[in-house]
Amino acid sequence: MAPPDLPATPTLTVAHSGIPERLLQKATLAKSLIYNGKTVSDTATLQRGLPIPQGISKPAFLSAIDELRNLLGAKHVLLNDKEIKNGWYMESPNTHDMMPLFDSEEFIASAVVYPGSVDDVKIIVKWANKHLIPLFPISIGRNLGYGGSAPRVRGSVTIDLGRRMNRILDINADDFTCLVEPGVTFYALHEELVKRGLDDKMWIDTPDLGGGSVIGNTLDRGVGYTPYGDHWACHSGLEVVLPSVGEKGDVSVLRTGMGALGVGGENTWQCFPYGFGPYNDGIFSQSNFGIVTKMGMTLMPNPGGFESFMYTFANESDLAPLIEIIRPLRISNILENVAQLRHGLQTLSVKGHPRTKYFAGTGPMPDDVVRKHLRTTATGECAWVYYGMSYGPAHIRGHKLDIIDKEFHRIPGCKRIDPSTLPADEYFWSRDRIASGTPDLEELKWVNWMPNGSHIAFSPVSPIRGKDADNLFALARKRHAEAGIDLMPAFCVGLREMHLIVEIVFDAEDEEMKRKAEECLRGMIDDAAKLGYGEYRTHLALMDQVAGTYSWNDSALMKFNNTLKDAIDPNGILAPGRCGIWPERYRNRGWELKGGETSTEGEGVAPVGGQSKM
Ligand code: ADP
C-alpha cells in the first residue's frame with residue numbers, strides 16, 4: 001500500500017520541472033509504487049556535515065558563500081549542510097546522486113546557486129575563480145543512471161540553471177526550430193506546442209522520460225525515438241559562458257554557428273549549425289569547457305500519419321540474424337525511427353512490480369521463470385521484443401510495413417502482435433506516444449524491480465552487426481551471471497550504429513549488491529574495450545575508466561582535451577573530472593576512479609592553476 005500522506009507531484013503550472021496535468025494521475029501511481037519500495041527514510045541527516053571542496057578552509061568557504069549571497073541575493077544561494085532527500089524521478093534532488101553506487105555523501109554538492117540570467121552566471125564564474133571553488137552546472141539534474149544532478153568533485157557548488165532560466169525563447173513555426181534556456185523540459189516544450197495549437201503541425205523528439213531538459217539531455221548526447229532521435233545532431237546553435245576570467249576581470253559569453261554573426265545572427269542561428277570556421281559546438285558536449293545558457297533545436301514536421309508496430313522473437317539466438325535484417329532496413333530508412341529491441345525480461349520489469357512477485361530465489365532470474373511469466377503478458381513467451389513506428393500517410397506506411405513484415409518473418413517463430421488486441425495501459429502505447437513526439441512517464445517503472453530501486457547504465461556503441469550484438473550480449477550475460485544480477489539489455493538502433501543500453505537495477509541500501517553492480521559494470525567496460533567497443537555516455541563513477549579506453553595513439557585525444565581544459569579553464573573551476581577531463585590542479589593527485597575505491601576524492605588540489613589566480 002502507498003503511504004497515505006504522499007504529497008501531490010508538482011505540475012508544470014507550479015514548477016518548471018513539474019509534470020504536465022495530463023500525466024498527473026500516472027505520476028501519482030508511479031510515485032506510490034516507488035515509495036512503496038523504499039525501505040528506509042527518504043531523508044538522511046548529513047553524517048559528515050557540510051561537504052567543503054578541497055583546497056579551501058571552512059571559514060574561507062563560508063565567507064565566500066556570504067559574498068555570493070550578497071552578489072545574487074541570499075535566497076538564490078543554499079548551503080547543503082543539514083540533510084539530503086532522495087525523492088523520486090519527478091521530485092529529484094539537485095544536491096547529490098539519488099541512485100548512489102558509493103556512499104550518498106561522496107558525489108555531493110556543498111551548495112546550490114540559482115542564477116536568473118546570463119549575467120548572474122558570469123558573476124558566479126568570476127566568484128569561483130576568485131575563491132578557486134569548483135562549480136558543477138546542471139539544467140534539470142535528472143540525468144539518472146549517469147549520476148543525476150551530482151557533481152564529480154565532492155563539495156562543488158552546483159549551478160542549478162533550470163530553476164530560474166527556463167524560458168522558451170522562440171518557437172519558429174515556419175522553420176520548425178526553437179530556442180530554449182536550460183530549464184525547459186521535454187514535457188514543458190511539448191505542452192507549449194499544445195498551448196499554441198502547434199502540436200499537430202510539429203513534434204519534439206523526446207527520450208523515454210520527458211522530465212529532463214532539452215539542453216541537458218542534448219549536451220550529454222541523449223537519444224529520442226522519432227526519426228530525429230540523435231539530439232546532438234539535431235541541435236543548432238549554443239550560447240556558452242566560458243569558465244575563465246580575462247585580464248580586465250571580464251567573463252566571456254560566446255555564440256556558436258550563425259549566432260556568432262556580428263549583426264542579425266539570430267536570423268539563421270537555428271537553421272544552420274556550422275557558421276564559419278571551426279565547428280566548436282562539440283567541445284561543449286560531454287565536457288567541462290563551458291556553461292550553456294541557450295540552445296537551438298530542430299522540430300520535426302508531423303509526417304501526416306504514424307503507426308506503431310511490435311514483433312516478438314522466440315529465442316535469444318535470434319539476436320544476430322535479426323540485427324543483420326535490421327541493418328539494411330534501418331540504413332535505407334524503411335525502419336525509420338530509433339527503434340528498440342528489448343529483452344523479454346524488460347517487458348516483465350516495466351510493469352512496475354518487484355522481482356519478488358515473479359521469483360523468490362537469488363541470482364539472475366532463470367530463463368524458464370521469465371518465459372513462464374511472459375506467457376501471461378500481451379507479448380507472450382519470447383526472448384526479444386521489437387518496438388518500431390512507421391511514418392507518413394497510410395499507403396506509404398503500408399509499403400514499408402509490408403517489407404518489414406516480410407523481412408522479420410525470415411526469423412522462424414517471429415510474431416507480429418496486433419496493436420488492436422492490446423489494452424490501453426500496455427507499455428506498447430507508451431512507446432507509441434514517445435515515437436510520435438509525446439513525452440511520457442512509463443519507463444521508470446522497472447526501477448521498482450528492486451527495493452530502493454536505483455539504476456546505472458552500461459552503454460556501449462557498435463555497428464549494426466549481428467556479430468557485435470552477440471559479442472556485447474555475451475559479455476554482459478557472463479558478467480551479470482558472475483555478479484548474480486538480472487540482465488535487461490535493450491538495443492537502440494541508430495542510422496549506422498546501435499547503442500546497447502544495459503540498465504543494472506540495484507537496491508541502494510544493499511552494500512553487497514552495489515559492490516557487485518560496480519564490479520559487473522567495470523568488468524563489462526573492460527571486456528567491451530578489449531573487443532573494440534566504447535561507451536557513448538557513462539556515470540560519474542565510471543568516467544575515468546571509460547575515458548581511459550579511448551586511448552588510441554598514447555591517449556592523444558585525452559592529451560588534446562587536457563590542453564583545451566588548461567587553456568579554457570586555467571584555474572580548473574568548471575566540473576573537474578567530468579568525462580575524465582581533469583584540470584591541471586587536480587591531475588596526478590589520485591582523483592581518478594578506476595575501481596575498488598571507497599572515496600571519490602583525491603589528495604588535494606594545487607593552490608593555483610596553470611596560470612595565476614586572478
Ligand atoms: P537533464 O536536464 O536531462 O536532467 P542534467 O541537467 O542532469 O540533465 O544534465 C546532464 C549533464 O550535462 C549534467 O550532469 C552536466 O554535467 C551537463 N550539463 C547540463 N546542463 C548544462 C549546461 N547548461 N551547461 C553545461 N553543462 C551542462
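**Briefing: ligand site, salt bridges and single residues**

Glu91 is partly exposed, because its relative accessible area is 27%. The model is a predicted one. The structure holds 47 salt bridges, and 20 residues surround its ligand. The points below take up the salt bridges, the ligand and some single residues.

**Salt bridges**

- Glu91 and Lys31 meet through their side chains in a salt bridge, at 2.9 Å from N to O.
- This pair links distant parts of the chain: Glu91 is in the loop between β3 (83-85) and β4 (109-113), Lys31 is in helix α1, and their positions lie 60 residues apart in the numbering.
- Lys31 has a relative accessible area of 3%, so this residue is buried.
- Arg479 and Glu482 form another salt bridge, with the closest N and O atoms 3.5 Å apart.
- Both Glu482 and Arg479 belong to helix α13 (residues 466-483), where they are three residues apart, about one turn of the helix.
- Arg479 counts as partly exposed because its relative accessibility is 21%, and the cut-off for buried is under 20%.
- In the salt bridge between Arg587 and Asp566, the closest N and O atoms are 2.7 Å apart.
- Asp566 is in helix α16 and Arg587 in the segment after α16, so this pair ties together parts that are 21 residues apart in sequence.
- Asp566 counts as partly exposed, because its relative accessibility is 22%.
- Lys26, Arg433, Asp440, Glu442 and Lys445 are joined into one network by salt bridges that share partners.

**The ligand and its shell**

- Of the 20 residues that surround the ligand, the closest are Ser139, Arg142, Ser213, Val292 and Arg578.
- By class, the shell consists of nine nonpolar, nine polar and two charged residues.
- At least two residues of the shell come from each of β5 (135-138), α5 and β12.
- Helix α5 gives the largest share of the shell, four residues.
- Arg578 has a polar side-chain atom 2.8 Å from an oxygen atom of the ligand.
- Polar backbone atoms also lie by ligand oxygen atoms: one of Ile140 at 3.0 Å, and one of Asn143 at 3.4 Å.
- The ligand taken alone exposes 540 Å², and the protein buries 96% of that.

**Two residues with positive phi**

- Asn333 is not a glycine, yet its phi is positive, near 65 degrees.
- Asn333 is located in the loop between α8 (319-331) and β15 (339-343), and it counts as partly exposed because its relative accessibility is 39%.
- Cys579 also is not a glycine and has a positive phi, of about 60 degrees.
- Cys579 is in the segment after α16 (552-568), and it counts as buried because its relative accessibility is 16%.

**A surface patch**

- Phe272, Tyr274 and Tyr279 make a nonpolar surface patch of about 300 Å².
- Tyr274 sits in the loop between α7 (266-269) and β12 (291-298), and it counts as partly exposed because its relative accessibility is 43%.

**Two distances between C-alpha atoms**

- Gly216 is part of helix α5 (residues 214-219), and it is partly exposed because its relative accessible area is 29%.
- The C-alpha atoms of Gly216 and Pro607 are separated by 31 Å, and the two residues are 391 residues apart along the chain.
- Asn36 belongs to helix α1 (residues 24-36), and it is partly exposed because its relative accessible area is 36%.
- Between the C-alpha atoms of Asn36 and Tyr89 there are 14 Å, and the two residues are 53 residues apart along the chain.

Methods
Residues are numbered from 1 along each chain as its sequence is written. This is a predicted model: local features need pLDDT of at least 70, side-chain atom pairs count only at pLDDT 80 or more; totals for chains, interfaces and linings use all residues. Side-chain values use heavy atoms; hydrogens and water are left out. Patches are made of residues with over 30% relative accessible area and no salt bridge: like charges are joined within 9 Å, nonpolar side chains (Val, Leu, Ile, Met, Phe, Trp, Tyr) within 5 Å. Accessible areas come from the Shrake-Rupley method with a 1.4 Å probe; for residues, only the protein chains shown count as cover. A salt bridge is a side-chain nitrogen of Lys or Arg within 4 Å of a carboxyl oxygen of Asp or Glu. Buried means under 20% relative accessible area, exposed over 50%, partly exposed in between (1.4 Å probe, protein chains only). A residue is near a molecule or strand if one of its heavy atoms lies within 4 Å of it. A polar contact is a pair of N or O atoms within 3.5 Å; within protein, one must be able to donate a hydrogen and the other to accept it, and residues adjacent in sequence count only if both atoms are side-chain atoms. Ala, Val, Leu, Ile, Met, Phe, Trp, Tyr, Cys and Pro count as nonpolar, Asp, Glu, Lys and Arg as charged, and the others, Gly among them, as polar.
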